Amino acid sequence: ATIFMDSRTEKKSILFSSDKNYIKDVSIIGITLKSVNDREGSRYHQGSLVSNVQGIYLAGVKGLVIKDVIIDQMNVGFKLGTSLDGKLNDDITADNLQIINSRTPCYLSSTTNLDMTNSVLDATGGVDNHLHSIYINGNSSNMKFSKVDFINSPGGGIHIFNSIKNALPAKNIEIDQCSVDNAYVGAYIFSGAENVAITNTSFNNTQLPFKITDASSLNLSGNHITYDDLFYKKDEDEIISAYYMKNLTTSIIRDTFIDGSKMEASLFVIQGTLEDVTIEDMDVRNMGDMQLVSTSSSAISNLRISDSYFEWSGESSSQKISFRGEGSSAILKNNTFMNKGERYQFLCYNYKDTYIYLNGNNYSGFGELCYINDYSKSIDNMNLDSNNYDDNKY
């Protein structure tokens with residue numbers, strides 16, 4: 001069956017519960033909820049045609065099953081809000097939920113114990129970068145997403161943020177075997193989010209796959225970052241990189257393939273503080289002239305980059321690895337740094353009062369391993385042990 005609501009001048013919902021009543025044991029199975037995007041949008045929807053209709057909006061539910069449901073042409077497809085008595089939405093299961101042609105397919109707040117599988121969250125048609133395929137807000141925890149496609153978002157494919165006053169940041173979020181396609185940012189992880197795992201997930205045609213600010217205990221492993229001929233920059237003022245990290249602690253980035261052919265400036269952009277972060281088993285190709293790591297006045301402590309392959313093919317003579325910030329430290333161990341383009345002047349640049357440890361790395365196509373700024377004060381801060389220079393082929 002299809003339940004149709006025509007577009008509205010003001011926001012309306014097809015399936016709705018009041019925030020005054022906490023409801024239990026609800027099943028929504030085998031139906032289609034549909035509207036039509038035929039009105040000029042305003043605010044975040046300006047420049048888009050909208051319906052001003054929400055498909056499912058429940059504000060306080062325990063025990064919800066959504067299965068084999070299609071939601072088409074909504075401002076918000078599936079929304080879980082906050083009940084007035086403060087009880088969390090709990091025990092939520094969604095399987096084969098197809099939300100298409102919608103501005104914000106899924107919005108979750110004050111929700112715990114959610115499991116979504118085999119679903120599509122399609123944000124086609126929006127133009128504002130505040131619109132996301134999924135928005136996970138405060139007081140949310142214990143969520144699992146498996147085989148979910150987060151697609152066509154002008155903002156984030158995945159957006160984890162806390163805009164609710166006095167709410168706890170999101171935590172214990174697992175996203176595995178999913179895909180993020182044609183999004184401005186692949187995953188925003190903000191506002192104190194903790195214990196978030198995004199693993200074995202493909203990111204295709206995202207201008208910035210990961211943007212992280214104020215987060216801890218992240219596991220970003222087994223992912224695949226690529227671009228195809230349909231890629232275009234959604235914001236010409238923004239550079240294309242892989243990871244923007246600001247104020248990140250105790251996290252790991254591991255076992256990821258990256259095609260750097262569309263990227264610019266730097267693979268890892270670091271600002272603020274970075275502490276206890278491990279990057280390992282990376283396979284990065286086609287980096288052109290971009291830097292591996294760029295920092296401003298960041299404070300970096302215990303950054304480890306190891307057992308990875310990084311390949312360049314450009315013509316720039318600038319350094320590829322540099323750290324700023326007094327006292328910043330990093331260990332680069334057992335990596336291969338391969339330049340297949342014009343020979344670069346040097347690989348690393350050691351700023352004054354920074355600590356760079358280079359151990360057991362293989363490098364080729366660089367005139368020098370490292371430029372030491374202020375030799376008399378910096379040489380004691382470097383460990384250049386057992387690095388192998390092989391320039392027979394390149």
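**Loops, rings and cores in a predicted model**

Asp307 sits in the loop between strand 28 (299-306) and strand 29, where strands (E, at least two residues) and helices (H or I, at least four) are DSSP runs numbered from the N terminus. This is a predicted model, so to speak of local features a pLDDT of at least 70 is needed, side-chain atom pairs count only at pLDDT 80 or more, and totals for chains, interfaces and linings use all residues. Residues are numbered from 1 along each chain as its sequence is written, and side-chain values use heavy atoms, with hydrogens and water left out.

Back to Asp307: its phi is near 55 degrees, a positive value in a residue other than glycine. At 40% relative accessibility, Asp307 comes out as partly exposed; buried means under 20% relative accessible area, exposed over 50%, and partly exposed in between, with a 1.4 Å probe and protein chains only. Asn142 also has a phi near 55 degrees, again positive in a non-glycine residue. Asn142, however, belongs to strand 14, and its relative accessible area of 33% makes it partly exposed.

Just before that strand comes Ser140, in the loop between strand 13 (134-136) and strand 14 (141-151). Ser140 is buried, at 1% relative accessibility. A polar atom of the Ser140 side chain lies 3.0 Å from the backbone oxygen of Asn137, which fits the polar contact rule (a pair of N or O atoms within 3.5 Å; within protein, one must be able to donate a hydrogen and the other to accept it, and residues adjacent in sequence count only if both atoms are side-chain atoms). Leaving aside residues up to four places away in sequence, Ser140 touches Leu108, Ser109, Ser110, Thr111, Pro169, Ala170 and Lys171, with contact taken as heavy atoms within 4.5 Å.

Another polar side chain to look at is Thr226, placed in strand 22 (residues 224-226). Its side chain makes a polar contact of 3.1 Å with that of Asn204. With residues up to four places away in sequence not counted, Thr226 touches Phe203, Asn204, Asn205, Phe257 and Asp259. Thr226 and Phe257 are 31 residues apart along the chain, and their C-alpha atoms are separated by 8.2 Å.

Now for the aromatics. Rings of Phe, Tyr and Trp (its six-membered ring) pair if their centres lie within 6.5 Å, and planes under 30 degrees apart count as stacked, over 60 as edge-to-face and the rest as tilted. The count is eleven aromatic pairs. Tyr188 and Phe190 make an edge-to-face pair, 5.4 Å centre to centre and with 85 degrees between the planes. Both partners are buried, Tyr188 at 9% and Phe190 at 16% relative accessibility. Trp312 and Phe337 form a tilted pair instead, with 6.5 Å between centres and 35 degrees between planes. Trp312 is in strand 29 (residues 309-312) and Phe337 in strand 32 (residues 336-339), so this pair ties together parts 25 residues apart in sequence. Trp312 is buried at 0%, and Phe337 is buried too, at 1%. Ring pairs also join Phe203, Phe210, Tyr243 and Phe268 into a cluster.

Lys79 has a charged end that sits over the ring of Tyr57, 4.8 Å from its centre; for this, NZ of Lys or CZ of Arg must be within 6 Å of the ring centre and within 35 degrees of the ring normal. Lys79 also lies over the face of Tyr107, at 5.2 Å from the ring centre.

A nonpolar core here is a set of buried Ala, Val, Leu, Ile, Met, Phe, Trp, Tyr and Cys residues joined through side-chain atoms within 4.5 Å. The largest one has 91 residues, and Phe78, Phe145, Tyr243 and Leu267 touch the most other members. Strand 25 (residues 266-280) contributes the most to this core, six residues. Tyr243 has contacts that include Leu208, Phe210, Leu267 and Met282, residues up to four places away in sequence not being counted. Apart from the largest core there is another, of seven residues, among them Tyr184, Val185, Phe190 and Leu208.

As for cysteines, zero disulfides turn up in a search of the whole structure, the criterion being a pair of cysteine sulfur atoms within 2.5 Å. The closest cysteine sulfur to that of Cys106 is in Cys178, 12 Å away, which is too far for a bond. Cys106 is buried, with a relative accessible area of 0%, and Cys348 is likewise buried at 0%.
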